[in-house]
Structures are given as structure tokens and as C-alpha cells.
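Subject: The structure I promised you

Hi there,

Here is the structure we talked about, with the sequence alongside. Have a look first, and then read on for what I found in it.

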Amino acid sequence: MPEFLYTRWDPTQEQALSAEQAFDHLADYLLQHGESLLRHLETLSEEENDILARLVRRGYLERDAQGRLQITPRGILRVQDKALAELFHLRRASSFGTHTLQHKGPGVDCSEDLRAFRYGDPPAHVCRHESLKNALLRSGPRLPVRLIEDDLVVHETERQTNCATVLLLDMSGSMGRYGKFYRARQVALALAALTRSHFPQDSFQAIGFYTFATPLSERQLLLARPRPVTLFDSRVYLRFPLEERPRRHVPEHFTNIQAGLKLARHWLRKSSAANKQIVCITDGEPTAHLEGRDLVLVYPPSRRTAEHTLQEAARCRAEGISLSLFALVEDYFYLGLVHFVKDMARVAQGVAIYCDAAELGHYVLESFLQGRYRRRPLT
């Protein structure tokens, strides 16, 4: 019996599934192929379009003014929640358990510690059990028991904090290998869902960096792809004036961490959050940087580019921004990346973590949660 390997989503395989199950299968392919999958779906025959019609009726897909398929906000939320559930499933055996998150943004949180009631304390913080026990000890066996102000004790409260997070996602050409971008984008979608569901007073922004850097909306994040490699020279040194905006002529597959950090700082500067953090996921040393009003592309990676990037990391530290760096290291070829990320963490007094794509979600989740409440310097 021959076996067939489907490399693209084929809706004829999903006829027995519900619309929700079919969309979940579609979402897996979207994470791998991005917007190109939607363009492929538009070429399906009328017979094959039945499943798409069901997804449109259920509100997961829609057509824009030009008749092109796109994911609806409802569909985006489902993909995010699915990514978050998978991330927690991977962490189930860890110290996080399944769902141990209890904080939901700014305000106060009741602890187990008790203290005497003070005028102005909210009634919701009164410990009824201990207050009633105090009244019984004071009045003895006489009935009825009457509470007075001296009997009341309240739970001590701890001030919570809110946090603004920027996730820097490497979209350079090399991220398309070994499933690195698939895993990184899945983690980004999960953090967006985590912020929305558990920390509604927090803010989250994804920024993609390649030769340039650009903010990514939720839909853009879902459909993004690494920039295709268009230049194969073994040595590259190019300079472009930014005033002329020569994007059509500039290779976009280079790695400009400096531009990503600079845009992240600009976005965080507008936030009033008590804590600010940048989570950066990359698989390569920087090969692009800004010098004044010029964009410079250098390959192999140069110390000159590294110095400009380190200066931007130092500015993050000066502005009180916590920086966590995740280097996707696949083999010994990435030793240069390890040294560079270690230098960045030292300059920014941040965290440097080296892992492969399969381990990424484990470490990003831990760093994201710890970064909300305190800074953890590299040791």
C-alpha cells in the first residue's frame, strides 16, 4: 500500500472533521507556510471549497474587499489560545504545573499574613474566620456574639505590578531552517494569548527584525515568514542611505538586531508600565546595523556591527529595560553567536540562554514570567 506525504494543507482530507478541528489543522499549516497557504486556498476548485465555506460561516476566515482570504480576529484568537495550551502542555512536568498563574495586572493581592484592621481597609480583605475567633475569645460563651472594630483582622496585601513586553523575532533568511521560525512564532503567539488572558493590564508587542525592523500586528505575526535569501556572495559590504528609502534594492535577509532593539526602546518609552522587558529570539550574529542615516550590511559578521548592537543594548539598560536573549544554537557552527549573545547579556545586565528550537518555549515562558516582577542579572 503506497504512502503519501502531504506538504500543503489539502481540505479534502478534513471532510469528516468539525469546522473547529479543520481550522486547527489549517492553523498548523499557517504557522509553517504563512500567507502563501491562504493564496493557495484561493485556487481550490468549487468542490474543494465546501470546507472553506464552513470556516467562513463559523467566523474563522473571511474575504476582504478584493475577495482575498484572510484570518478573522476570532481565528487569530483561536490560534493564539491553541499555541498557549501547547506551551503549557510542554511545561506540565515542570515547576509551573499546568496553570499556576494567579496575577492579573496592577492592584493588590491578598497574602496569608494577617494584621489588625485599619480605617479605610476594604471589607473584602477582612479575614472572617480570625475576626470571629477574636470576638468569641473576647465575649466568651455569651450570645449573641457581637463584633467590634478591635476584633477585625485583615489579610496583608502585596502591591502587584504591570509590565510592557516587546518580543523581538528574528526574520532573517537563516530562520527558515530546522523549524526555527515555526517554533519562535508559536511562542510569540502563546505570549500574546498569555498576556491577554492572565495579565490584561499588561501590554505586548511583537517586532520582526531582518535587514530592517517592523512592528507586527497579530495577523501579520501569524502570516509572517523569514525573508528569502537573495544574495549569495561569500563576502558582503554594502551601504545604503536611509533618506532615499531604497527598500526595493536592499537584500532583506540580513540580521539587524540593533534596529530591533531601537524600535523596541521607542515603543517601550511610550509605556507607563512599572516593568519593561525585551525578549529577543535570534539564530545568528548581527550582519546589519545603522550608522547615522546609513544602513550597513556586512557579511561575515563583523566586530563593527557587533559594537553598534552592543551600544543599543547598553541604552536599554540605561532606560531600565530588562533584556532576555535566546540564541537558537543547532551545532558548533554557532559558537560566534554564543559569544555575542553572552556579550549582549553582560552589557545589558540581562539573561542569555542557549537552546534549540524544541526547547525554546520552555525557557521563554520562564523568562517572561520572571521578568514581569523583577530583573534577573546574568550570573
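In which sense do strand β8 and strand β11 pair, and over how many bridges? The two strands, residues 236-241 and residues 294-299, run antiparallel and share six bridges. Two of the pairs are easy to pick out: Val 236 faces Tyr 299 in β11, and Tyr 237 has Val 298 as its bridge partner there.

Before going further, a word on confidence. This is a predicted model, with an average pLDDT of 83 for the protein and 83% of the residues at 70 or above. Residues 1-6 stay under 50, and the model gives them two contacts beyond four places in sequence. The pLDDT is also below 50 over residues 375-379, a stretch with 17 contacts in the model beyond near neighbours in sequence. Where pLDDT is low, the predicted coordinates should not be read in detail.

**The three-stranded sheet**

Back to β8 and β11. They belong to an open antiparallel sheet of three strands, ordered β8-β11-β10. β8 and β10 are the edge strands, each pairing on one side only, and the twist from one strand to the next averages 20°. Helix α9 packs on this sheet, where it touches β8, β10 and β11, and its direction makes about 70° with that of β10.

On the other side of the pairing list, β10 (residues 288-291) joins β11 through four antiparallel bridges. One of the pairs here is Ala 288 with Leu 297 of β11. The hairpin of β10 and β11 has two residues between the strands, and in it Gly 292 adopts a positive phi near 60°.

**Two backbone details**

Most residues other than glycine have a negative phi, and most peptide bonds are trans. With that in mind, two spots deserve a look. Tyr 299 and Pro 300 are joined by a cis peptide bond, with omega at about 0°; Pro 300 sits in the loop between β11 and α9. Tyr 178 is a residue other than glycine, yet has a positive phi near 60°, and its place is the loop between β5 and α6.

**The six-stranded sheet**

There is also an open sheet of six strands, in the order β7-β6-β5-β9-β12-β13 and with mixed pairing. Its edge strands, each paired on one side only, are β7 (213-216) and β13 (351-355). Neighbouring strands in this sheet are turned by 20° against each other on average, direction ignored.

At the β13 edge, β12 (residues 322-328) runs parallel to β13, and five bridges join them. In that pair, Leu 328 stands opposite Cys 355 of β13.

Which strands do the helices lie across? Helix α6 (residues 180-198) lies across β5 (163-170), β6 (203-209), β9 (275-282) and β12, at about 165° to β5. Helix α8 lies across β5, β6, β7, β9 and β12, and runs at about 160° to β5.

**Helix packing around α9**

Two packed helices are described by the angle between their axes and the distance between the axes. How are α8 and α9 placed on those terms? Helix α8 (residues 257-269) packs against helix α9 (residues 303-318) at an angle of about 20°, with the axes 8 Å apart. That angle is why the two count as roughly parallel. The crossing of α8 with α9 is left-handed. On the α8 side, the contact involves Ile 257, Gln 258, Leu 261, Lys 262 and Arg 265; on the α9 side, His 308, Thr 309, Glu 312, Ala 313, Arg 315 and Cys 316. By class, four of the residues in this contact are nonpolar, three are polar and four are charged.

α9 also has α10 (residues 335-348) as a partner: their axes come within 8 Å and cross at roughly 30°. α9 and α10 are therefore roughly parallel to each other as well, and their crossing is right-handed. α9 contributes Arg 303, Ala 306, Thr 309, Leu 310, Ala 313, Ala 314 and Arg 317, while α10 brings Phe 340, Asp 343, Met 344, Val 347 and Ala 348. This contact has eight nonpolar residues, one polar and three charged.

Happy to go through any of this with you once you have had a look.

Best wishes

Terms used:
Residues numbered from 1 in each chain as written. Predicted model: local features only at pLDDT ≥ 70, side-chain atom pairs only at ≥ 80, totals over all residues. Heavy atoms only, no water. Axes fitted to C-alpha atoms, helices over the stretch in contact; angles between N-to-C directions. Parallel < 35°, antiparallel > 145°, perpendicular 65-115°, else oblique. Left-handed = near helix turned anticlockwise from the far one by under 90°. Contact = heavy atoms within 4.5 Å. Nonpolar A, V, L, I, M, F, W, Y, C, P; charged D, E, K, R; others polar. pLDDT = per-residue confidence, 0-100. Pairing = 2+ DSSP bridges.
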